[in-house]
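Please open the model in your viewer and keep the selection tool at hand, since this tour moves from one selection to the next. At each stop, there is something to select and a description of what is found there.

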Amino acid sequence: MSGSNDEIRDTGDEIRGTAGGTAPVPLSVLDLVTVGEGSTAADAVRTAVGIARTAERRGFHRYWVAEHHSMPGVASSSPAVLLAHIAAHTASIRLGSGGVMLPNHAPLVIAEQFGTLEAMAPGRVDLGLGRAPGTDGATAAALRRTERLHEGADEFPQQLAELTRFLDDDFPDGHPYARIHAVPGPVQATAPGGVQSPHRPPLWLLGSSGFSARLAGSLGLPFAFAHHFSAANTVPALDLYRASFRPSDVLSEPYALIGVAALAADDEREAKRQVMTGALSMLRLRTGRPGLVPSPEEAAAYPFDERERDFVDSWLGNVIHGTPDAVRQGLNDLAKRTGADELMITANAHGGPARLRSYELIADAYDLPQG
């Protein structure tokens, strides 16, 4: 593992970041670990390592991956496995899930996975949780071994409470799980001769509507909103989160980040050329034709009909793209309009070089340090 992780890194407030350079709020990275046409999942993972290391070097606050399934163009079906690999190639940046889809998994399994990650990268692991399947209904049924998908989402608060008790090892006496322990975890400190940090990854709730916003607020947890694919709901959800917020041992006041689709290039034409690949990929996904991320050439040559063009124009309306100055202004305006405490940037493009270049250009635009 790169760097020394023998002790918990002194991060101060693990949730609240510090804005670097001239950025209005802390900047972070959401990596979908996309697979473009002509490349492999191995290529995508190598790019993910490069993005994480670039983000660390340039002072981005955190790097998250998100759970998706049955999508050929997204290689992030196993966040815990990816994060273990990224942890071995980084030393200081916060790493996390944005998110793990809790209804897809037994809470004990998640507690064990992220307890293991905490042992690998002490003090820099976030556990972000969502209640959506991260895929279509049939795939969700295969993952969960049940057709009760709606009930699974409705049971999210109970699943969250169970996961929290496994992480804290504090089921009450008489509970069916009182003698079951997530390992690595706090129980190791109670064994004869045991020395185990009581620290565990902070929990985040993710959402694209009001349900998780209200729940995160009522529990006093940090909240991450998927602005990059649910822009119309961003301000209402953040308002609901803040209105619902109750101080907790975790947070004394609300803290919300938003995922933002943004891509910078050396000129506006190249930026548009690159983001069209993500737009076409999303069009195919939304129309039941998921595949690898198309090349810029294929996207440029694609014969969009009127309905498809309307979809693409609407989608691109929520993707901040252009020159570094234009992207910086767009991010500044979004931060001001939403009041978000942190911006988590995801780059939509076919190839790794364009995505890496974008993060470098955004860092330069904000005068982030050259680590």
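The tour below goes from the core to a strand within it, then to the pockets, the cavities and two single residues.

Keep in mind throughout that this is a predicted model.

**The nonpolar core**

Begin by selecting Phe60, Tyr63, Phe114, Leu127, Leu129, Leu331 and Leu343, which touch the most other members of the largest nonpolar core, a set of 102 residues. Next, add strand 7, residues 256-264, which provides the largest share of this core with eight residues. As background to this stop, nonpolar side chains in soluble globular proteins tend to be buried together.

Now centre the view on Leu129 and show its surroundings: if residues up to four places away in sequence are not counted, Leu129 touches Val100, Leu102, Phe156, Leu160, Leu163, Leu203, Trp204, Leu205 and Leu206.

**Strand 9 and its partners**

Select strand 9, residues 342-346. Why can strand 9 be called largely enclosed by the rest of the structure? Five of its five residues are buried, so strand 9 is largely enclosed by the rest of the structure. In a regular strand the side chains alternate between the two faces of the sheet. If you colour strand 9 by side, Glu342, Met344 and Thr346 appear on one face and Leu343 and Ile345 on the other, and all of these residues are buried, which leaves both faces covered.

With strand 9 still selected, add strand 1, residues 27-31, which runs parallel to strand 9 and is joined to it by three bridges. To find one of the pairings, select Ser28, whose bridge partner in strand 9 is Met344. Then bring back strand 7, which also runs parallel to strand 9 and is joined to it by five bridges. Here the pair to display is Ala261 and Thr346, the latter in strand 9, which stand opposite each other.

**The largest pocket**

Turn next to the largest pocket, which has a volume of about 1,000 Å³. A good way to find it is to select Leu32, His68, His228, Phe229 and Met282, which are the closest to its centre among the 48 residues that line it. Several elements each supply at least two residues of this lining, namely strand 3 (94-101), strand 5 (203-207), helix 7 (210-219), strand 6 (223-225), strand 7, helix 9 (268-286) and strand 9. Which element gives the most to the lining of the largest pocket? Select helix 9, which gives five residues. Colouring the lining of the largest pocket by class shows 26 nonpolar, 19 polar and three charged residues.

**The second largest pocket**

The second largest pocket has a volume of about 460 Å³. Select Thr164, Arg200, Leu203, Leu221 and Val250, which are the closest to its centre out of 20 lining residues. Helix 6 (156-168) and helix 7 each supply at least two residues of the lining of this second pocket, and the largest share, six residues, comes from helix 6. By class, the lining of the second largest pocket divides into twelve nonpolar, three polar and five charged residues.

**The cavities**

How many cavities of 30 Å³ or more does a search of the whole structure find? The search finds two. The largest cavity has a volume of about 40 Å³, and you can display it by selecting its lining, Thr18, Ala19, Gly20, Ala23, Pro26, Leu27, Gly59, His61 and Leu368. In that lining there are five nonpolar residues, four polar residues and no charged ones.

For the second largest cavity, with a volume of about 30 Å³, select Leu83, Ala87, Leu95, Leu117, Ala121 and Val125, which line it. The lining of the second largest cavity has six nonpolar residues, no polar and no charged ones.

**Two single residues**

Return to helix 9 and select Ser281, which has its place there. Is Ser281 buried or exposed? At 17% relative accessibility, Ser281 counts as buried, because the cut-off for buried is under 20%. Apart from its neighbours within four places in sequence, Ser281 is in contact with Val293 and Pro294.

Finally, select Arg307 in helix 11, residues 306-316. Arg307 counts as exposed at 73% relative accessibility. To end the tour, draw a C-alpha to C-alpha distance from Arg307 to Leu102: the two residues are 35 Å apart in space and 205 residues apart in sequence.

Note on methods: Residues are numbered from 1 along each chain as its sequence is written. This is a predicted model: local features need pLDDT of at least 70, side-chain atom pairs count only at pLDDT 80 or more; totals for chains, interfaces and linings use all residues. Side-chain values use heavy atoms; hydrogens and water are left out. A nonpolar core is a set of buried Ala, Val, Leu, Ile, Met, Phe, Trp, Tyr and Cys residues joined through side-chain atoms within 4.5 Å. Buried means under 20% relative accessible area, exposed over 50%, partly exposed in between (1.4 Å probe, protein chains only). Helices (H or I, at least four residues) and strands (E, at least two) are DSSP runs, numbered from the N terminus. Contact means heavy atoms within 4.5 Å. On a 1 Å grid over the protein atoms alone, a cavity is a set of points where a 1.4 Å probe fits but cannot get out, and a pocket is an open set with protein on both sides within 12 Å along at least five of seven lines; lining residues have an atom within 4 Å of a point. Grid points are joined across faces, edges and corners, and a volume is the space filled by probe spheres set on the points. Ala, Val, Leu, Ile, Met, Phe, Trp, Tyr, Cys and Pro count as nonpolar, Asp, Glu, Lys and Arg as charged, and the others, Gly among them, as polar. Two strands pair if DSSP finds at least two bridges between them.
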